[in-house]
Amino acid sequence: MGAPVRYWIGMWLKPSHERPFPWGTFDVNAVASLLLGIAVLTRLPQAWVQSLAAVGFCGALSAWSMAGYESAGLATMGRQVLAAGYVAASVGAGLGLAYAGSLIGRAVW
């Protein structure tokens, strides 16, 4: 389920010359990080459901390799500042949202 959602969002928010920031990849990685934080600390009676949510859905939803490819592409096109900002924002959002998700997972379940 995660891969089709990632594809749809990526196509909907596809970068262009007018809008070079790769919002689609940034958004799916941010959401996947938040959901992963929740899934890891959710106490479920069956461990396989937790693994399916964390590894299966969140792993298929995230596109960290694409973020690396896009940041290299931005740098190659002469947009080094945007590439560096994209990397910093992606890593910062990913870590912050994974932590926030872990707090939610711990508090709710």
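**Figure 1. Packing of helix H5 in the predicted model.** The buried residues of H5 pack against two other helices, H2 (23-41) and H4 (64-76). In this predicted model, the residues of H5 that count as buried are Ala83, Tyr86, Ser90, Ala93, Gly94, Gly101, Ser102 and Gly105.

**Figure 2. Length of helix H5.** H5 covers residues 80-108, 29 residues in total. From its first C-alpha to its last, H5 reaches 41 Å, close to the 42 Å expected at 1.5 Å a residue.

**Figure 3. Helical elements and dimensions of the chain.** The protein contains five helices and zero strands, and its elements follow the order α-α-α-α-α from the N terminus on. Taken along the principal axes, a box of roughly 50 × 25 × 20 Å is filled by the C-alpha atoms. Of contacts between residues at least 6 apart in sequence, 68% join residues at least 24 apart.

**Figure 4. Burial and surface of the protein.** Of the 109 residues, 31% count as buried; among them are Ala83 and Tyr86 of H5. The protein exposes about 6,700 Å², and carbon and sulfur atoms supply 73% of that area.

**Figure 5. Confidence along the model.** The average pLDDT of the protein is 86, and 97% of the residues score at least 70. Confidence is highest in H5, at 95, and lowest in helix H1 (residues 2-12), at a mean of 74. Where pLDDT is low, predicted coordinates should not be read in detail.

Technical notes: Residues numbered from 1 in each chain as written. Predicted model: local features only at pLDDT ≥ 70, side-chain atom pairs only at ≥ 80, totals over all residues. Heavy atoms only, no water. Helix = DSSP H or I, 4+ residues; strand = E, 2+ residues; numbered from the N terminus. Expected span 1.5 Å × (residues − 1). Buried < 20%, exposed > 50% of the residue type's maximum accessible area, 1.4 Å probe, protein only. Contact = heavy atoms within 4.5 Å. pLDDT = per-residue confidence, 0-100. Areas by Shrake-Rupley, 256 points an atom, 1.4 Å probe, with all protein chains shown as cover.
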